[in-house]
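Me: I should like to learn how to read the features of a protein model. Please show me the structure, and let us begin with the surroundings of one residue.

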Amino acid sequence: MTETGGHPDDSAARILELRQQVDAMREIVRKRLDQNSTGIQAAAGLAQATEQFLIDRWNEAIDQRATSLRKELEQSTALIVVGGSGRGDIAPYSDVDLLFLHSPDSQQAFESCVAQVVRDCWDAGLKLGHSVRTPQDLLRTAKADPQFATTLVEARRLWGSEDLFNRTLRQYQHAVLKRRRRLFIDACIAERDKERVSHGATVQQLEPDVKRSLGGLRDLHLIRWIGAARYGSSNIDSLKLLGAFSPEDALRLTLAHEYITSVRIRLHLAAGRPQDVLTRDDQLRIAEQRGIPGTAGQRPVERFMQEYFQHSMAIAEIASRFAQQNRRLPVTQSVYNFVMSHRVDDIYRVGPEFIDVPRRLRARHCSTLEDILRLYVSAGLHRVKLSSGLTEHVKLVTRGFPDALLSAEASRLFLEFLSNPGQLGSLLRSMHETGVLEVVLPVLRHIRCLLQFNQYHSYTVDEHTLRTIEAAESFLTADTPLGQAYREIPHKELLHLALLLHDAGKGYEEDHSEVGRRLAWDAAQRLGLPEHQRDLLVFLVHRHLLMATLAFRRDTTDPEVLLNFNYEVGSPDALRMLYVLTAADISAVGPGVWNDWKAELLAALYDRSMIWLSGKSYLFEEPTRLRRTFADVQKQLHPAPEDAEQWQRRLETLPTHYLLATPPERIAADLVIAKRLTDADIEIESKYETETRTVEYRVIVHESVSAGCFHKLTGVFSAKRMEILSAQICTTTDGIVIDSYRVRDYDHEGEVPLFRQTEVAKLIRQALRGELDVEKLFQTRSRFATNVVQGPVSNLPMRVVIDNETSDKYTILDVFAHDRPGLLYRIAKTLFDWQLSVVLAKISTHFDQVVDVFYVTDTNGRKISDGERLKQLRDGLAGQISQFENASKSS
């Protein structure tokens, strides 16, 4: 029996003794971990020692009371461990969860004992989370407070009346877990959802709270709480025997529980206080303590965290599925879901939120990879998720799939699935969870739970990858340049595939972009992509950092920077995809990384490059700009009221690119000329500009006399020793050709005289009417031509890119080559000889590089769709240009 009211030195000695006992318990835990005990074993040992310490303190408190009172307390009160303490699952500095239960008539004496125990524990450095309650108070609070109700699931009696404890526990189980089962389960899930939001709503949070973050120990607790209400047991092994879990899931939960418990205990021991956040410093220390070796591509800490996230992901996936399976909907909601659901293909049942397949049909219709991909395609089309039961079935079936070659049908279905945004991000997460994604693209297995140990990224590589898809989808309805670019991408499956693969090369010794290039090539071969799509995919993955690097670190108004960038990108379609990929990549790095400043810089680079590659600007919506242009042109024309409608019809015959790139006064002048033009007329205007020392030649002619107009005019200019700096050609819907060429005339220094402009205009008329052999003129004059290119010289090789995706009507050719006198004529003549019509051209020269864009059709006015002809066109044109360049060098 311990005496009270003694000498102060006795009290201090007692406190010191109590603290030494608690410190000894914690030191035993440390030694057990160092001796390779599991985390669960260490936690159980600590729980046992803590319980004995509590029982000793309680016995000391009641031993000071009269014998009759002690007997009364033994029959009418109980000391109960609840929550984590009841599970025997505590960390060295965790709160000890205690419930002091008493009958109403023993309250005063009981509470004085409780006060002494609480004081002793406080003095010993053991923090209690305790409450003092009667059975009636316990039941009332458990019904009103879900958090308190969950702690009672794990209740165990340490001391006192077994009858009082059992009777109260039965009342709680009947009143809360059985009669209010649905409310209890819903409340548990809701409380857990709130906790996840405040402590990290992603598994792969790079500094996770091992208890409260998604995939932490609290999700294991949620499983136990739901299990107690639904199956009458909170034990994982018992739940497995009851059919609540597969043996595999039960094993995954047990291993994850052990692993994360061990980590949590090490965090507490290192901090000397409650510490559940796994900081970067802790990650480095624990990786070293565990002796985890590094590899050529991964540091020890990255391998440690990859293991951690694999376990936390297992907990998160199983807990989510378990909660969904056991969450009973209200009758009204169930009726609503049934009424609003419908059958699809006599296989699927599609409701407002989920798609399902009846159990009797799953073996027949959800057993092959093609079946499962078809299921995901349907889910994407209806923008719903897979039901929890169907998800479990898919996961079990997928486990048996080999990493064999994909069938053509599987490839087609996967690409179709990727082409449909709306629910894509969510469904790809499901594919990731079930393993389907890694069956289709085995290269993604390497990045599962892969950590990037730096201050920039907030998520693991796989989580970041999935977030890029979700970010891209968010642009779908955005009223921004990004939204417009994303909506205009015709083959979104290529963009989404590039997003899936853009960081797949991480975790290797070599630069991840270089590894990614090879992985993208392999993925394209595996999926059977045609050559031009394969090349685009490889480019997007290999150079996914290019646009961000230039936009944020370079002067994108510098023509040389733009030249090199546009040379690599090659086409408007590739530019759109790279733009969206870049924005999605940055958005998915972490909270606050994407901002207005970065959006503005990227949009500016995108717009400048789009102008170069296609002659179009995407900073403003076309319909708005067109309406404004129409109004401005009408003001220039000053039409009589009865003529306004006629001029409007003429305006509408002009192509969009011409309307948006031409000043209103020039459009009005062209319309006046076109109105008076006869089929045989050839209108030519020329104007010298002092500031640029260039002459603009503007040719307006009916298409009936303009066959080969483009190559004939370029031939005349080249033969007359003129450097063609830019050219824009277009044709109205009623057959009027409007061409504009800006040239520098090297036969004249200073202002080009009027007689020279008249001479050139005469040659153009003769060429268009067939009175002049342009080829002969070019060959004769080119022998005396000298290279007029001056200024910086680039070392970029010649390149021809075919873009057959941007336009529904035209095939687009982008030509990058060194400028040589007559090069444009040779390109134009080659296209004409191949019976291709140039509908739109934008010609520009930057330093010694030409960046020429041609919109072409075949003789029937259609885009070229034959893959072999496209390849011949690209290779043949490149060959012609190379031959011309070599001849120019040798002359």
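Reply: Contact here means heavy atoms within 4.5 Å. Leaving aside neighbours within four places in sequence, leucine 278 is in contact with eleven residues that can be listed: Leu206, Glu207, Pro208, Val210, Val263, Leu267, Gln283, Ile286, Phe304, Met305 and Tyr308. Please note that this is a predicted model, in which local features need pLDDT of at least 70 and side-chain atom pairs count only at pLDDT 80 or more, while totals for chains, interfaces and linings use all residues. Residues are numbered from 1 along each chain as its sequence is written, and side-chain values use heavy atoms, with hydrogens and water left out.

Me: Where does leucine 278 lie, and is leucine 278 buried or exposed?

Reply: Helices (H or I, at least four residues) and strands (E, at least two) are DSSP runs, numbered from the N terminus. Leucine 278 is in the loop that joins helix H12 (247-271) to helix H13 (280-289). A residue is buried under 20% relative accessible area, exposed over 50%, and partly exposed in between (1.4 Å probe, protein chains only). Leucine 278 has a relative accessible area of 0%, so it is buried. Its C-alpha is 10.0 Å from that of glutamine 205, although 73 residues separate leucine 278 and glutamine 205 in sequence.

Me: Which sign does phi have at cysteine 449 and at histidine 638?

Reply: Phi is positive in cysteine 449, near 60°, and this residue is not a glycine. Histidine 638, also not a glycine, has a positive phi of about 50°. Cysteine 449 sits in the loop between helix H21 (436-440) and helix H22 (461-474), and histidine 638 in the loop between helix H31 (622-637) and helix H32 (644-651). Cysteine 449 is buried at 0% relative accessible area, whereas histidine 638 is exposed at 67%.

Me: How many disulfides does a search of the whole structure find?

Reply: A disulfide is a covalent bond between the sulfur atoms of two cysteines. The criterion is a pair of cysteine sulfur atoms within 2.5 Å. The search finds zero. For cysteine 730, the nearest cysteine sulfur belongs to cysteine 709 and is 11 Å away. Cysteine 730 is buried, at 3%.

Me: What is the radius of gyration of the chain?

Reply: This radius is taken over C-alpha atoms, and the globule rule is 2.2 Å times the number of residues to the power 0.38. The chain has 39 helices and 16 strands. Its radius of gyration is 38 Å, well over the 29 Å that the rule gives for 891 residues, so the chain is more spread out than a compact globule.
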